[in-house]
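This briefing covers one protein chain, shown below. The points are grouped by topic.

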Amino acid sequence: MKSFCVKAPAKINLFLHVVDKKETGYHVIEGLFVFANLANFLEIKVGEKESKYDNSMVEFVNSESKIDRQYNTITKAVNLLLRYAPQRTKVSIKVVKNIPTAAGLGSGSSDAGAVIRTLGKFWGVDMPALNEIALSVGSDVPASVESKPAFVTGIGDELYHIKNFSLPTNIVLIKPKKKFLSTPEVFSKHDGNFSQSIKWNTEAEKNLSKFIKEVKNDLQEIAISLVPEVKDVISSLESQKGCILSRMSGSGTTCFGMFDNKENAKAAAVRIREQQPEWWVCDTQLIV
């Protein structure tokens with residue numbers, strides 16, 4: 001049996017624009033995806049099946065919400081990857097969940113990305129096939145395979161990795177406890193007032209600090225209409241010393257504050273945690 005211990009980093013959307021909607025129902029988005037040291041941990045074991053009816057099994061530990069063990073992003077990824085594995089291969093995975101689920105941090109997508117990255121390499125699957133598998137699992141998954149800062153467009157399938165990430169890496173994440181949002185529900189309430197498409201280029205990358213303040217999260221107001229507390233979280237972050245940017249990530253409910261240095265970020269996290277015990281608060285750093 002072969003065993004792997006891997007990390008699945010949290011995904012943060014520094015901005016997210018909805019620029020179109022395809023006839024298939026998928027929304028065309030543009031966004032800047034980054035990844036944090038906050039991560040789920042996966043123990044992946046690959047061995048031989050005992051019988052042809054033996055299925056892959058996933059065990060979730062420390063999850064705040066109930067996850068279907070038979071139908072989730074990991075089992076979808078594994079079942080697609082097994083086409084490239086030797087016959088009679090069994091995969092079992094144990095996941096320690098540190099990233100909140102249904103919170104705009106790509107917890108399930110990052111799990112799938114880690115599985116695709118690990119088993120894809122182990123079985124020698126080429127990158128085009130891995131990208132196809134990732135997109136089949138979910139629109140956030142292609143970016144989560146490599147977990148590097150990227151400008152993402154299309155339905156999540158077009159990635160432009162950022163080589164010179166010049167923004168501060170100190171982040172405070174806050175999510176109202178027991179408040180969840182369904183990504184399909186949030187997108188379904190988008191009124192079709194699409195943002196103008198951005199032409200990503202080296203000039204935007206060179207002026208990342210200016211660029212990031214000129215964009216927004218098109219889903220933020222929708223999320224606030226469903227969970228008003230999201231607005232309170234953003235206001236609380238904005239009021240902290242050293243916070244240079246505060247915004248909601250993905251379809252919510254988690255919001256981030258980007259801070260000018262590590263000390264201010266840690267102090268803000270401590271202060272907010274004391275003031276708002278009903279909020280989940282985490283200070284972390286971006287992986288660049």
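R88 lies in the loop between α1 and β4 (89-96). The model is predicted, and in it the phi of R88 is near 60°, a positive value in a residue other than glycine. Most residues other than glycine have a negative phi, and most peptide bonds are trans. The points below begin with the backbone exceptions and go on to the chain, one helix, some single residues and the pockets.

**Backbone exceptions**

- R88 has a relative accessibility of 42% and therefore counts as partly exposed, a class that runs between 20% and 50%.
- S147 also has a positive phi, near 55°, and is likewise a residue other than glycine.
- The place of S147 is the loop between α4 (141-146) and β5 (150-154).
- With a relative accessible area of 7%, S147 is buried, because the cut-off for that class is under 20%.
- A positive phi, near 70°, is found at G124, which follows α2.
- A cis peptide bond runs from G252 to T253, with omega near 15°.
- T253 belongs to the loop between β8 (243-248) and β9 (255-259).

**The chain as a whole**

- The protein chain contains 10 helices and 10 strands.
- A compact globule of 288 residues would have a radius of gyration near 19 Å, and the protein chain has 19 Å, so the two agree.
- Taken along the principal axes, the box filled by the C-alpha atoms of the protein chain is roughly 60 × 40 × 35 Å.
- Of the 288 residues, 52% count as buried.

**Helix α2**

- Helix α2 has 16 residues (107-122), and at 1.5 Å a residue these should span 22 Å.
- The end C-alpha atoms of α2 are 23 Å apart, which agrees with that expected span.
- The expected value is 22 Å because the rule multiplies 1.5 Å by one less than the number of residues.
- Helix α2 is mostly covered, with 12 of its 16 residues buried.
- Among the buried residues of α2 are S107, S109, S110 and D111 at the start of the list, and V115, I116, L119 and G120 further along.

**Strand β7 and the loops on either side**

- K175 is part of strand β7 (residues 170-176).
- K175 has a relative accessibility of 2%, so this lysine counts as buried.
- The side chain of K175 reaches the backbone oxygen of K179, at a distance of 2.9 Å.
- F180 sits in the loop between β7 and α5.
- F180 is partly exposed, with a relative accessible area of 36%.
- F180 and L16 are 164 residues apart along the chain, and their C-alpha atoms are separated by 19 Å.
- L167 is in the loop between β6 (158-161) and β7.
- L167 is buried, at a relative accessible area of 7%.
- From L167 to R273 the distance is 25 Å, C-alpha to C-alpha, and the two are 106 residues apart in sequence.

**The largest pocket**

- The volume of the largest pocket is about 1400 Å³.
- The largest pocket is lined by 47 residues, of which S109, S139, D140, T183 and P184 are the closest to its centre.
- Two or more residues of this lining come from each of β1 (2-21), β2 (27-48), α1 (73-81), α2, α3 (127-137) and α5 (183-188).
- By class, the lining of the largest pocket divides into 19 nonpolar, 21 polar and seven charged residues.
- S109 connects two topics here: it is one of the buried residues of α2, and it is among the residues closest to the centre of the largest pocket.

**The second largest pocket**

- The second largest pocket has a volume of about 170 Å³.
- Its lining consists of K189, H190, D191, N193, F194, S195, K216, N217, D218 and I222.
- The lining of the second largest pocket divides into two nonpolar, four polar and four charged residues.
- H190 is one of the residues that line the second largest pocket, and histidine is counted as polar because the charged class holds Asp, Glu, Lys and Arg.

Note on methods. Residues are numbered from 1 along each chain as its sequence is written. This is a predicted model: local features need pLDDT of at least 70, side-chain atom pairs count only at pLDDT 80 or more; totals for chains, interfaces and linings use all residues. Side-chain values use heavy atoms; hydrogens and water are left out. Helices (H or I, at least four residues) and strands (E, at least two) are DSSP runs, numbered from the N terminus. Buried means under 20% relative accessible area, exposed over 50%, partly exposed in between (1.4 Å probe, protein chains only). A polar contact is a pair of N or O atoms within 3.5 Å; within protein, one must be able to donate a hydrogen and the other to accept it, and residues adjacent in sequence count only if both atoms are side-chain atoms. On a 1 Å grid over the protein atoms alone, a cavity is a set of points where a 1.4 Å probe fits but cannot get out, and a pocket is an open set with protein on both sides within 12 Å along at least five of seven lines; lining residues have an atom within 4 Å of a point. Grid points are joined across faces, edges and corners, and a volume is the space filled by probe spheres set on the points. The radius of gyration is taken over C-alpha atoms; the globule rule is 2.2 Å times the number of residues to the power 0.38.
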